[in-house]
Amino acid sequence: MKRMLSGIKPTGQLHLGNYIGALRHFVENQEDYEMFAFIANLHCITVMQDPEELRNNLRDCVALYLACGLDPKKATIFLQTDVKAHAQLGFIACCHTYLGELNRMTQFKDKQAKGETNLSGGLYTYPSLMAADILLYDADYVPVGEDQKQHVELTRDLAERFNHRYGELFKVPEPLVSKVGARIMSLSDPSKKMSKSDDNDKGCIYLLDDLKVARKKVMSAVTDSLAQVKYDPQNQPGISNLMQIYSSLDNNRSFEEIEKEFEGKGYGDFKRAVADKVCATLEEIQNRYHTILESNLIEETLKDGAHKANAIADAKLKQVQQAIGMEIIQK
Ligand code: AMP
Ligand code: TRP
C-alpha cells in the first residue's frame, strides 16, 4: 500500500479552505493509502502564540480531524511533538538546505514584502522542518493546498540531495494538489486566499462557525455586476470561488453542470444554494465534534498515533544519522 502524509498547523481555528484543500482529501484517501495525518504544532510556533489559545486550538484540531471523518483505525493521527524525530531530522534537513532555496520560498517572501516585522528564524527555516516531516515516513504522496506545493518540491530536492550524498535514504514524495479547491479565496476579497490570519473575519468560514454566521458570510460574499453564474476566475473571481466551494462540497460536480443549474437565476439563488451546502457540511462536522469532545477519543487517538509514528520515525532517523556519520555506537 502506498503511503500518504500531510499536516495542518493549529494556528487558529480550522476553516473551509483547510477542509476543501486538505482535510477532505485525507479522509477520502484513508481507505486506499496508508495515511499519516499529523498536527503541526512545531510549525505553528513559528509565529507567536498565546498558550491558552494554542491549547484550545490543538484540542479542536484533533477533534476536527476526527469529526471530518478521519478514522484512527485506518489513519495514523498524531501530534508532531509526540515524535521527537521531527525536530531532530528537521535540524539535519536545515543543514542541507541552501539559503538561496529558503530565500525563494514565497510564503516567507510574501510576509516580508507585506512589511511584517519581527519575523522569526523558525518561520524562515520551516520548509526544512516540513521536508523532515515528510521524509521521515518515506511518504509517496503529500495532499496539500496550492500554497504548500513549493515546500513539497523543496522536499523532493532535499530527498535527492541526501540520496546522492549518502546513498539511498529517502523516497522522493509527490505533492497531490487537486484541480478544484486547492486555493479557496476569501469571501470578502476574492483576490486573497481564505486564511486563519485574515484580518477580516467575514472572508473566512471556520468549521466551528455558528451556522447562522456561516450562512451570512456566504450571502454577503463579494461578487460582481455581470449577473451570470459562470466559471471565469479572471473576470468573476467571487462567483468562481463560490463555484469551487459548491463543487467541492457536492461530489466535485462539474462547473458546466452548475452553470446550467443556475442559468437565468440571480446571485441570491446561487448563494442560497452554496450556503445550504456549506451549512449542511458544517452541521454534520459540528455534531460529531461535540460527541468527540465528550469522549476520550482524542487522548486514545493521540497515544496510539504517537506509538505507531515513533516506531517508523525513530528507525528512519537512526538510518540517516548512521549514513551521515553522526553515530558511532550501534544502539
Ligand atoms: P495551514 O492552515 O496553513 O496549516 O494549511 C493546512 C492545509 O490546508 C495545507 O495543505 C494548505 O495548503 C491547505 N489550505 C490552507 N488554506 C487554504 C485555502 N484557502 N484553500 C485551499 N487549501 C488551503
Ligand atoms: N506547512 C504546512 C502548512 O502550513 C503544514 C505542514 C507541516 C505540512 N508539515 C507538513 C503539510 C508536511 C504536509 C506535509 O500548511
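# Two domains, two ligands: a working chat

Visitor: How many residues of domain 1 are in contact with domain 2 here?

Guide: In this predicted model, 19 residues of domain 1 are in contact with 18 residues of domain 2. The domain assignment gives domain 1 as 3–182 + 295–323 and domain 2 as 201–291.

Visitor: And what separates their centres?

Guide: Taken over C-alpha atoms, the centres of domain 1 and domain 2 are separated by 29 Å.

Visitor: Where does the largest nonpolar core lie relative to the two domains?

Guide: The largest nonpolar core has 61 residues, and Tyr65 and Phe270 are the members that touch the most others. Helix 11, residues 267–294, gives the most to this core, contributing 10 residues. The core lies between domain 1 and domain 2, because both of them give residues to it.

Visitor: What is Tyr65 in contact with, leaving aside its neighbours in sequence?

Guide: Once neighbours within four places in sequence are set aside, Tyr65 is in contact with Gly7, Ile8, Leu23, Phe26, Ala37, Phe38, Ile39, Leu70 and Ile77. Another core, of 28 residues, lies apart from the largest one, and among its members are Leu135, Tyr137, Ala313 and Leu317.

Visitor: Switching to the ligands, which residues are closest to ligand 1?

Guide: Ligand 1 is surrounded by 18 residues, of which Lys9, Gly145, Asp147, Ile184 and Lys196 are the closest. Helix 1, residues 16–29, gives the most to that shell, with four residues.

Visitor: Which atoms pair up with it, and at what distances?

Guide: A polar side-chain atom of Asp147 is 2.4 Å from an oxygen atom of ligand 1, and a backbone N or O atom of Lys9 is 2.8 Å from an oxygen atom of ligand 1. For a nitrogen atom of ligand 1, there is a backbone N or O atom of Gly17 at 3.2 Å. Taken alone, ligand 1 exposes 480 Å², and the protein buries 95% of that.

Visitor: Now ligand 2, which residues come nearest there?

Guide: There are 14 residues around ligand 2, and those that come nearest are Lys9, Tyr126, Met130, Asp133 and Gln148. Lys9 is thus named among the closest residues for ligand 1 and among the nearest for ligand 2.

Visitor: What part of Lys9 faces ligand 2, side chain or backbone?

Guide: For ligand 2, an N or O atom in the side chain of Lys9 lies 2.7 Å from an oxygen atom of the ligand, whereas for ligand 1 the Lys9 atom is a backbone N or O. In addition, polar side-chain atoms of Gln148 and Tyr126 lie 3.2 Å and 3.4 Å, respectively, from a nitrogen atom of ligand 2. On its own ligand 2 has 360 Å² of accessible area, of which the protein covers 93%.

Visitor: Which elements give two or more residues to that shell?

Guide: Those elements are strand 1 (3–8) and helix 6 (121–135), and helix 6 gives the most, with four residues.

Visitor: Back to helix 11: is Arg272 buried or partly exposed?

Guide: Arg272, which is found in helix 11, counts as partly exposed because its relative accessibility is 41%. A polar contact of 3.2 Å joins its side chain to that of Asp269, and, leaving aside neighbours within four places in sequence, Arg272 is in contact with Arg215 and Met219.

Visitor: And Gln30, buried or exposed?

Guide: Gln30 counts as buried, because its relative accessibility is 5%. Gln30 sits in the loop between helix 1 and strand 2 (34–39), where a polar atom of its side chain lies 2.8 Å from the backbone oxygen of Gly69. Beyond its neighbours within four places in sequence, the contacts of Gln30 include Met35, Leu70, Asp71, Lys74 and Ala75.

Visitor: Last one, which residues have a positive phi although they are not glycines?

Guide: Two to look at are Asp138, with a positive phi of about 50°, and Asn252, with a positive phi of about 50° as well. Most residues other than glycine have a negative phi. Asp138 lies in the loop between helix 6 and strand 4 (141–143) and is partly exposed, at 22% relative accessibility. Asn252 is placed in the loop between helix 9 (237–249) and helix 10 (255–261), and Asn252 is partly exposed too, with a relative accessible area of 48%.

Notes. Residues are numbered from 1 along each chain as its sequence is written. Chains are lettered from A and ligands numbered from 1 in the order in which they are written. This is a predicted model: local features need pLDDT of at least 70, side-chain atom pairs count only at pLDDT 80 or more; totals for chains, interfaces and linings use all residues. Side-chain values use heavy atoms; hydrogens and water are left out. A nonpolar core is a set of buried Ala, Val, Leu, Ile, Met, Phe, Trp, Tyr and Cys residues joined through side-chain atoms within 4.5 Å. Buried means under 20% relative accessible area, exposed over 50%, partly exposed in between (1.4 Å probe, protein chains only). Domain bounds come from an automatic or database domain assignment. Contact means heavy atoms within 4.5 Å. A residue is near a molecule or strand if one of its heavy atoms lies within 4 Å of it. A polar contact is a pair of N or O atoms within 3.5 Å; within protein, one must be able to donate a hydrogen and the other to accept it, and residues adjacent in sequence count only if both atoms are side-chain atoms. Accessible areas come from the Shrake-Rupley method with a 1.4 Å probe; for residues, only the protein chains shown count as cover.
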